[in-house]
Amino acid sequence: MPNPIFENMLSRYEIRTKDDYTNALHEVMQQTALAGLYRGGFFNHAAFYGGTCLRIFYGLQRFSEDMDFSLLQADECFRLENYFDAIIAEFQLLGRDIIITRKEKKTQTNVKSAFLKDNTEIYNLAFTTEKNVKIKIEVDTQPPVNFLTEHKLLLFPFSFMVRCYTLPDLYAGKMHALLFRAWKSRVKGRDWYDFEWYIRNNIALNFKHLQKRVEQINSIKNEDFPRSIFQNMLKEKILKTDINLVKNDVRPFIKNPSEMDIWTTDYFLQLVDMINFKNIKI
């Protein structure tokens, strides 16, 4: 039987639909995994980033599935397996048993996406009793430079600190994902939801970090990727994207779908002109 802490963590969510339950369970799993990584000393060497980080620590009003981490310094010898026991033990403290399996990448994997690279380790974490409910963990072992981190407090399942990318650097990672994510037949509308959030909250974009990501992952030199080129590429991406597909991807992860009523091609084109390029000191 799950212990009271696990049930208390779930009870903090309003659960009315199947999507509500799945989202809540994912987030409780994510928080528990973070706790295990913390106990194992993982955040001495790595930082949390991506949409799940934005959701848990910075107030993004949409749920997320996967967990993305970046080493603080490049280390090809890093192995996430060294932290498996700490993650498993944390779930066992809450009365839950999990399995962690390495996801082998197929030979045809395109490594030019925002999160998947040759030196990225990918794992799946699932309950032994609910194997269809799982989260993916990715660790970038060769991270781009020019990013800052900060420690953010999480209160469940106990009080602990998680090293996270700062908002301007999270923003840079999201813009890289929005531009270069290599999904052939799908649109990840959650990227677009996050983009709107950054604009709405007037977050400054660490453009230098974005340039480093583009240079390292996409082999585009900084001088070939100035702000004007970035904004033009973003607008071209918007013009080629079916906004209905964007909405359909986001819908299961938010409470109030009506907030997307204003979403049109023109709406997102105007958001591009509102990007805050305030200088960020590294």
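Met 175 counts as buried, because its relative accessibility is 0%. The model described here is predicted. Met 175 has its place in helix H5, which covers residues 167-180. A contact distant in sequence can be followed from this residue: Met 175 and Leu 234 are 59 residues apart along the chain, and their C-alpha atoms are separated by 8.6 Å. Leu 234 falls within the range of helix H8, residues 227-239.

Helix H5 also packs with helix H3, residues 51-58. The angle between H3 and H5 is about 150°, and their axes are 10 Å apart. An angle over 145 degrees counts as roughly antiparallel, so H3 is roughly antiparallel to H5. The crossing of these two helices, H3 and H5, is left-handed.

A second helix pair involves H6, residues 189-200, and H10, residues 265-272. H6 and H10 pack at an angle of about 45°, with 10 Å between their axes. H6 and H10 are therefore oblique to each other. The crossing of H6 and H10 is left-handed.

Two leucines of H10 can be followed further. Leu 269 is placed in helix H10, and Leu 271 lies in helix H10. Leu 269 has a relative accessible area of 19% and is buried, because the limit for that class is under 20%. Leu 271 is buried with a relative accessible area of 6%. From Leu 269 to Leu 239 the separation of the C-alpha atoms is 8.2 Å, with their positions 30 residues apart along the chain. For Leu 271 and Lys 235, which are 36 residues apart along the chain, the C-alpha separation is 9.6 Å.

The next topic is the aromatic side chains. A pair of aromatic rings is described by the distance of the centres and the angle of the planes. The structure holds 25 aromatic pairs. One of them is formed by Phe 48 and Phe 57, an edge-to-face pair with 6.3 Å from centre to centre and 90° between the planes. Phe 48 and Phe 57 are both buried. Trp 197 and Tyr 198 give another case: the ring centres are 5.4 Å apart and the planes stand at 80°, so this pair is edge-to-face as well. Trp 197 is buried, and Tyr 198 is buried too.

Ring pairs also join residues into a cluster, whose members are Phe 42, Phe 43, Phe 48, Phe 57, Phe 69, Phe 78 and Tyr 83. Phe 48 and Phe 57, the edge-to-face pair described above, both belong to this cluster. A charge over a ring is found at Phe 63, where the charged end of Arg 55 sits 3.9 Å from the ring centre.

The cysteines come next. A disulfide is a covalent bond between the sulfur atoms of two cysteines. The count of disulfides in this model is zero. Cys 53 is in no disulfide, and the nearest cysteine sulfur, that of Cys 164, is 3.7 Å away. The cut-off for a disulfide is a pair of sulfur atoms within 2.5 Å, so the 3.7 Å between the sulfurs of Cys 53 and Cys 164 does not qualify. Cys 53 is buried, with a relative accessible area of 0%. Cys 77, by contrast, is exposed, with a relative accessible area of 66%.

Some backbone details remain, and they lie in loops. Between Phe 156 and Pro 157 the peptide bond is cis, with omega near 5°. Pro 157 is found in the loop that runs between strand E6 (149-154) and strand E7 (160-165).

Asn 146 sits in the loop between strand E5 (134-140) and E6. Asn 146 has a phi near 65°, which is a positive value in a residue other than glycine. The relative accessible area of Asn 146 is 24%, so this residue is partly exposed.

Ser 219 has a positive phi too, near 60°, and is likewise a residue other than glycine. The loop that holds Ser 219 lies between helix H7 (207-218) and helix H8 (227-239). Ser 219 is exposed, because its relative accessible area is 64%.

Notes. Residues are numbered from 1 along each chain as its sequence is written. This is a predicted model: local features need pLDDT of at least 70, side-chain atom pairs count only at pLDDT 80 or more; totals for chains, interfaces and linings use all residues. Side-chain values use heavy atoms; hydrogens and water are left out. Rings of Phe, Tyr and Trp (its six-membered ring) pair if their centres lie within 6.5 Å; planes under 30 degrees apart count as stacked, over 60 as edge-to-face and the rest as tilted. Buried means under 20% relative accessible area, exposed over 50%, partly exposed in between (1.4 Å probe, protein chains only). A charge sits over a ring if NZ of Lys or CZ of Arg is within 6 Å of the ring centre and within 35 degrees of the ring normal. Axes are lines fitted to C-alpha atoms, for helices over the stretch in contact, and angles run from 0 to 180 degrees between N-to-C directions. Helices (H or I, at least four residues) and strands (E, at least two) are DSSP runs, numbered from the N terminus. Angles under 35 degrees count as roughly parallel, over 145 as roughly antiparallel, 65 to 115 as roughly perpendicular and the rest as oblique. A crossing is left-handed if the near helix is turned anticlockwise from the far one by less than a right angle, and right-handed if clockwise.
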